[in-house]
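Here are my notes for you after a pass through the coordinates. They go point by point, so feel free to skip around.

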Amino acid sequence: MSASIIIGETPRGEPIEIDIKELLATRLLVQGNSGSGKSHLLRRLLEESAGIVQQVVIDPEGDFVSLAEEFGHVVIDGAAYGEAEIVRLGARIRQHRASVVLALDELEIDQQMKCAAQFLNALFDAPREQWYPALVVVDEAQMFAPAAAGEVSEEARRVSLGAMTNLMCRGRKRGLAGVIATQRLAKLAKNVAAEASNFLMGRTFLDIDMVRAADLLGMERRQAEQIRDLARGQFLGLGPAIARRPVAVNIGEVRTGAKSVTPGLVPLPTASTEDMRELLHDNLHVEPERPEFPRPAPRTEDAETVARRIAANEMLEPTGAQARDREAERQRAEADPEENRAAMVEIMNEMAKEEDCTFQSSTTLFQDFTIRCRMKGISVRGLDATMFRRGFAAAIAGIEDPDEERWLDLQNLAKHVPDDALAPFYVIARAAMDGKPCPDDTELARIYGTSSPRRIQRLLDYLEKDGLLVVRTDFSGKRSVGVPDLGVTTTAIEA
């Protein structure tokens, strides 16, 4: 089996190869402004090496799911699984050497970072006998390893940056070769970028990025200007897996395509000004009906089937003490499931009353919860981390039993709310249902698990854009929050 692939050719038509064996040991960094051809380059690399090495793609925009049709990659929709399931998927991918695309396009940025971190950590933590070689391609790496704190939560940034650092700094001995692509080197954490020994630099316009790219390529500062003049799909390559001296590469053709395409110019509408004005103002005062939030259709039926098979709980048959413990737990669960559920709800309510509980990570809270349940002889069979997070959010809001008929409509509406925003949403909705004032930003910040009231403003903006809330502030500065689907609103208070 050949371990080299042709990534493209020089302007004179000479083929440029990448040595996959060398790439596995030395990693690759791709940089280029938006529209420079980074995704095209990654697609070419993945297609040409698909039959040589296992591939794992972290895909924040869902652009690489088409690899499933042509090359048999398993598409994993990150939005369809909980944390525990993502971890099990990562472990089984190492075990079965499956080539996969982790599609994160249905998640918000915080959830993308947390999901990718859990997934990468599971790959990294595989037992030694499963350290098979694999290319781990991360598109838009500046999202998962940001150089500075941005709009995302500190917890999401910390876990994601830690996972990316493990991949690039310690992944080689575990068979994981990082291939990361970024729009700007200045946005990418230096510890992550510094571990790559191979570089493919595309068109870049900002001086700071051009100079840094030139330094990585071993070029003089005055030569950095040529990086600005590169055409789309043209890169300067250097590294032990590519070439010993900087070489210009025109990336070759690909067989698959991305689902997103750059929109072209189309003729403008020919309607008159009066007709256009009427179209814009027609029924402006009528609230549109909200959609039913259908789940996204599977991208590829075969890939989805395989993904579900991988995610299925294929536990080994337990023996000895483990078998006895599991049998006892099963018997407790079957004895009185309603009593078990009531006891678990009571434990969640007790935990929710503890000071600063909202500032703990969901993983820590779930572990504490399972320990409390086992100490009281309560079976946690069938309860995963996602179910716990949503139940605990209700407990934080003072909803002692979410299954009561009073909360039925609220529970159905809450299915469309992200897990991390659920507790503040419950608190606001309950205040509206009771006709009480909405909690102020400081109280909502405590419930959200943050010390920054500004994050609450962003949270309210997000929930309002999603149609879940309607926030109104009058000229006197008093704010009221409505929940249109429930037909209720809070009383007005000072914002």
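1. Let's start with a helix pair. Helix 4 (residues 83-96) and helix 5 (residues 109-124) have axes that come within 8 Å and cross at roughly 35°. The crossing of the two, helix 4 and helix 5, is right-handed. Keep in mind throughout that this is a predicted model.

2. Who does the touching there? On the helix 4 side, the contact uses Glu83, Ile86, Val87, Gly90, Ala91, Ile93 and Arg94. Helix 5 answers with Cys115, Gln118, Phe119, Ala122 and Leu123. Sorted by class, the contact of helix 4 with helix 5 comes to 8 nonpolar, 2 polar and 2 charged residues.

3. Next, a residue that also reaches helix 5. Met143 sits in helix 6, a run covering residues 141-144. Leaving out residues up to four places away in sequence, Met143 touches Pro60, Ile109, Gln112 and Met113. Of those partners, Ile109, Gln112 and Met113 fall within the 109-124 range of helix 5. If you want a distance to check, the C-alpha atoms of Met143 and Arg157 are 9.0 Å apart, with their positions 14 residues apart along the chain.

4. The second helix pair is further along the sequence. Helix 16 (residues 385-396) packs against helix 18 (residues 422-433) at an angle of about 40°, and their axes are 8 Å apart. Is that parallel or oblique? Angles under 35 degrees would count as roughly parallel, so helix 16 and helix 18 are oblique to each other. Their crossing, helix 16 over helix 18, is right-handed.

5. As for the residues in that contact, helix 16 supplies Arg390, Ala393, Ala394 and Ile396, while helix 18 supplies Leu422, Ala423 and Tyr426. By class, the contact of helix 16 with helix 18 has 6 nonpolar residues, no polar ones and 1 charged. The charged one is Arg390.

6. Last, have a look at Asn198, which lies in strand 9 (residues 198-201). Is Asn198 buried or exposed? With a relative accessible area of 0%, Asn198 falls under the 20% cut-off and therefore counts as buried.

7. What does the side chain of Asn198 have for polar company? One of its polar atoms lies 2.8 Å from the backbone nitrogen of Ala241. Ala241 also shows up in the wider contact list of Asn198, which, setting aside neighbours within four places in sequence, includes Leu23, Thr26, Arg27, Leu28 and Leu29. Also on that list for Asn198 are Leu238, Gly239, Pro240 and Ile242.

Terms used:
Residues numbered from 1 in each chain as written. Predicted model: local features only at pLDDT ≥ 70, side-chain atom pairs only at ≥ 80, totals over all residues. Heavy atoms only, no water. Helix = DSSP H or I, 4+ residues; strand = E, 2+ residues; numbered from the N terminus. Buried < 20%, exposed > 50% of the residue type's maximum accessible area, 1.4 Å probe, protein only. Polar contact = N/O pair within 3.5 Å; in protein donor to acceptor, adjacent residues only side chain to side chain. Contact = heavy atoms within 4.5 Å. Axes fitted to C-alpha atoms, helices over the stretch in contact; angles between N-to-C directions. Parallel < 35°, antiparallel > 145°, perpendicular 65-115°, else oblique. Left-handed = near helix turned anticlockwise from the far one by under 90°.
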